[in-house]
Amino acid sequence: MDNSLDEIIAAAAGGARLYADEAMVLAETGAEDLTPLTAAAAALRDAHWGEKVSYSRKVFIPLTHLCRDVCHYCTFAKPPKKGEAVFMTPEQVLATARAGAAQGCKEALFTLGDKPELRYRAAREMLADLGYATTLEYLAAMAKLVFEETGIIPHLNPGLMTDEDLGVLRQVSASMGIMVESLSDRLMEKGMPHYGSPDKKPMARIETLEAAGRAAVPFTTGILIGIGETRAERIEALLEIRRVHEAYGHIQEVIIQNFRAKPDTKMRDWPEPDLDDLAWTVAVARLVLGGRMSVQAPPNLSPGGLARLVAAGVNDWGGVSPVTPDFVNPEAPWPHLQLLADETAAAGKLLVERLTVYPSYALDAARWIDVKLAPAVRRAMDGQGYARTDGFITGKSPNAPKADLDLLASKKAPIVGSRLARILEKPFADRMLSEDEAAELFEARGDAFSAVAAAADALRQEVAGDTLTYVVNRNINYTNVCYFKCQFCAFSKGKLTENLRGQPYVLDLDEIGRRTAEAWERGATEVCLQGGIHPAYTGKTYLDILGAVKAAAPDIHVHAFTPLEVKQGAETLGLPVREFLSMLKDAGLGTLPGTAAEILDDEVRATLCPDKLNTAEWFAVMRAAHDIGLRSTATIMFGHMESYRHWARHLMRLRDAQSESGGFSELVPLPFVAEEAPIYLKGLARMGPTFREAILMHSVARLALFPWFSNIQASWVKLGREGVAAALNAGANDIGGTLMNESITRAAGAAHGEEMPPHAMEAVAYGIGRPIRQRATLYGFPPESQQQRARQAAPLAPVVNRPAKEYERA
């Protein structure tokens with residue numbers, strides 16, 4: 001390999017964009033250059049895609065095999081036969097899609113010939129019988145039918161399309177595609193593969209590619225190698241694809257497909273490209289297109305060769321169906337998904353399921369996906385934009401996903417010397433994680449997920465010991481009337497709020513006192529008081545509430561009033577926040593809950609809770625509280641519309657604040673409960689974190705908040721008992737409160753109950769072989785008399801919520 005080639009490959013491997021003449025030099029590489037070429041491509045791929053190789057779980061719907069083109073290698077296209085239908089009927093389409101849905105498919109791949117009605121009378125006649133004028137019109141109707149009836153998200157491959165075609169089809173599909181195949185005009189000549197195929201004219205393909213960019217359609221394209229093109233012509237096609245993508249940013253993947261000779265075609269005796277040639281093309285595609293582009297190779301066309309393709313820079317296997325065959329290459333069956341996972345693992349990578357749209361497009365659905373399909377994409381994805389696969393629903397799932405529990409139990413160690421190992425070693429060497437490192441840990445999957453959880457559990461043992469803790473407390477939500485419009489909240493009610501589940505209410509002071517006294521009699525050492533921001537409430541209201549609580553149970557600890565309530569109360573009295581906090585403290589306030597934090601990043605808050613206090617205001621209230629000796633918890637509410645980067649930034653900001661004040665007693669991760677949340681009902685949020693993400697929040701928090709936070713709490717209301725047990729083996733050390741009453745999470749749709757008494761808390765601990773003790777709010781030891789009362793608690797009396805009829809909506 002000469003110096004100039006060496007320099008070109010090294011520059012590309014380092015992320016440099018190759019000029020066209022530099023890219024063309026790669027065409028001259030020989031067999032001796034293949035190893036350094038593929039090594040450079042693999043390194044470039046790893047810098048952007050890491051350990052993941054993705055696939056889409058799809059169902060293949062061949063709407064019609066008719067095509068006006070006659071490509072000499074194709075067996076998909078077939079002429080009409082007398083007495084046979086030339087299109088799938090709506091019933092057949094729906095039956096195929098439903099079979100795919102039953103097998104967990106998330107993509108419906110519609111494949112069809114190009115405008116067959118322009119060539120075949122049979123196509124025109126059946127379209128007319130079905131009530132459609134064109135194939136594309138029928139395709140749009142079938143894609144809409146599949147999506148509406150099954151929820152599977154369509155991907156369309158209908159051939160050449162105009163701007164108008166794309167505008168119509170974009171409304172019924174999340175992505176589309178057309179293979180460039182080759183931009184060589186030679187292949188259109190007589191005796192060549194594309195002779196007699198007008199839709200294979202190179203510039204016509206490029207025009208469709210550009211039209212898709214103008215329409216903002218996440219788009220698939222690629223090249224077909226071994227059909228008579230030269231290596232230089234392959235690179236020319238890749239450069240043209242790159243040019244179009246740089247203009248519009250819409251090409252989500254480039255397929256490198258190897259020609260397979262098929263019986264009963266004119267090219268049945270044509271030599272197939274070997275694995276070296278395919279690996280060379282994959283590597284060149286990676287170096288020309290860059291690290292961020294997804295480069296795909298169909299796994300069924302290279303059996304036994306997947307490790308070579310991974311080593312050459314592939315990061316995706318494309319659509320793989322557990323239901324339908326590859327109708328384009330029927331001689332090459334799909335690999336079984338477990339076999340594909342095993343072969344991918346043998347190549348040193350982790351197989352990860354994606355959607356028909358790639359993560360970067362799914363995460364930016366507002367830009368790339370039609371408003372009617374975007375909610376389905378958000379519901380189907382995790383926080384990184386890959387497919388949700390575990391079925392876990394915050395507050396609902398009674399059992400944790402077995403695959404994740406098995407990974408956690410395995411307690412994998414990271415590969416010695418790996419970047420993951422270096423990150424996980426930092427807390428044990430008294431070094432703090434950076435924001436980038438914390439964000440990276442949230443991406444952990446497979447063995448890496450296990451390793452992160454194991455490291456967090458080891459650090460938990462060092463920092464907090466093995467004994468778990470819980471507090472006997474009662475939640476008292478004194479009103480659900482609120483004039484704020486937080487998009488995640490299903491609890492607040494009233495004319496100014498967005499959710500109508502349940503009726504607005506207020507608690508009279510007598511009822512607050514009664515519940516407090518009852519809590520004390522049942523062994524509680526704490527009452528937690530929070531509520532909506534009632535339009536009529538002032539700072540005096542909060543002082544009166546404290547008075548009622550302390551009159552009812554003078555020795556009970558009052559954990560009350562979020563930074564939002566504190567700020568609003570101070571404003572209504574015309575007082576500085578610090579002065580109002582002092583008044584609350586004098587009236588009996590013991591600590592503040594760290595809720596109203598949600599995500600401490602104003603980019604997220606601008607949509608999630610636009611009229612709520614901002615990040616700086618939240619910290620200002622907490623800083624003032626800590627300054628006068630009022631401690632607080634801290635929270636993070638995650639799994640809605642934010643990213644892993646936002647999670648990491650939130651943790652870093654809490655760590656910085658804690659390093660200054662030391663006033664936070666614990667972090668309480670709160671997985672988003674989506675079911676009744678306005679932002680979810682509007683289709684603008686994910687359906688909460690996956691189980692992996694929920695556990696990682698506890699693990700990464702333990703690692704990233706070191707050495708400033710000692711306690712990480714797991715919410716049984718959100719995670720369920722199995723989920724809490726998993727979190728306690730992954731960095732958490734506290735189970736929170738018994739609660740007695742729980743309204744806020746249940747209003748959002750959760751179903752894990754209202755109370756978890758001491759014996760149930762102990763059962764969770766004993767189930768994982770750990771000791772447990774009851775604690776006070778600030779982790780001290782509660783009076784023995786209260787502990788005895790908690791074990792002999794009588795049933796709760798019915799609660800009395802006074803209807804706030806003046807805040808009901810007609």
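This report walks through selected helices, strands, loops and cores of the structure above.

The model is predicted, so local features rest on residues with pLDDT of at least 70 and side-chain atom pairs on pLDDT 80 or more, while totals for chains, interfaces and linings use all residues. Residues are numbered from 1 along each chain as its sequence is written, and side-chain values use heavy atoms, leaving out hydrogens and water.

## Helix H4 and its neighbours

Let us start with helix H4, residues 90–102. Helices (H or I, at least four residues) and strands (E, at least two) are DSSP runs, numbered from the N terminus. The expected span of a helix is 1.5 Å times one less than its number of residues. For the 13 residues of H4 that gives 18 Å, and the end C-alpha atoms are 18 Å apart, which agrees.

Buried here means under 20% relative accessible area, exposed means over 50%, and partly exposed is in between (1.4 Å probe, protein chains only). In H4 the buried residues are Val93, Leu94, Thr96, Ala97 and Gly100. They lie on the same side of H4, because they cover an arc of only 160° around the axis; the arc is that of the directions from the helix axis to the C-beta atoms. As a reminder, an α-helix has 3.6 residues a turn, so residues three or four places apart point the same way. Exposed Glu91 and Ala102 sit on the face of H4 turned away from its buried side.

Contact is counted when heavy atoms are within 4.5 Å. The cover over the buried residues of H4 includes strand E1 (52–64), strand E2 (107–112) and helix H6 (135–150). After H4 comes Gly104, with a positive phi near 80°.

## Strand E2 among its partners

Strand E2 is largely enclosed by the rest of the structure, because six of its six residues are buried. One side carries Glu107, Leu109 and Thr111, the other Ala108, Phe110 and Leu112, and all of these are buried.

Two strands pair if DSSP finds at least two bridges between them. E1 and E2 are parallel partners over six bridges, with Val59 opposite Ala108 in E2. The chain runs from E1 through H4 to E2 in a right-handed β-α-β crossover. Right-handed means that, with the strands pointing away from the viewer, the path from the first strand over the helix to the second runs clockwise. E2 also pairs with strand E3 (residues 153–157), again in the parallel sense, over five bridges; here Thr111 stands opposite Asn157 in E3.

## Helix H8

Helix H8 (residues 202–214) also has 13 residues and an expected span of 18 Å; its end C-alpha atoms are 19 Å apart, which agrees. Ten of the 13 residues are buried, so H8 is largely enclosed by the rest of the structure. Among them are Pro202, Arg205, Ile206, Leu209 and Glu210. The buried residues of H8 pack against helix H7 (163–169), strand E5 (219–225), helix H9 (231–248) and strand E6 (251–258). Just after H8, Ala216 has a positive phi of about 55°.

## Loops with special backbone geometry

Two residues other than glycine take a positive phi in loops, and the table sets them out.

| Residue | Phi | Loop between | Relative accessible area |
|---|---|---|---|
| Leu739 | near 75° | strand E18 (734–737) and helix H30 (744–747) | 11%, buried |
| Tyr779 | near 75° | strand E19 (772–775) and helix H32 (784–791) | 14%, buried |

A cis peptide bond, with omega about 5°, joins Phe706 and Pro707. Pro707 belongs to the loop between helix H28 (691–704) and helix H29 (716–728).

## Nonpolar cores

A nonpolar core is a set of buried Ala, Val, Leu, Ile, Met, Phe, Trp, Tyr and Cys residues joined through side-chain atoms within 4.5 Å. In soluble globular proteins, nonpolar side chains tend to be buried together. The largest core here has 133 residues, of which Leu529, Phe561, Leu584, Trp618, Leu654 and Leu667 touch the most other members. H28 gives this core its largest share, nine residues. Leaving aside neighbours within four places in sequence, Leu667 has contacts including Ala634, Ile636, Leu651, Leu654, Ala701, Leu705 and Phe709. A second, separate core of 91 residues includes Leu127, Leu139, Ala143 and Leu340.

## Towards the end of the chain

Glu806 is in the segment after strand E20 (802–803), and at 47% relative accessibility Glu806 counts as partly exposed. Its C-alpha atom is 82 Å from that of Glu32, 774 residues away along the chain.
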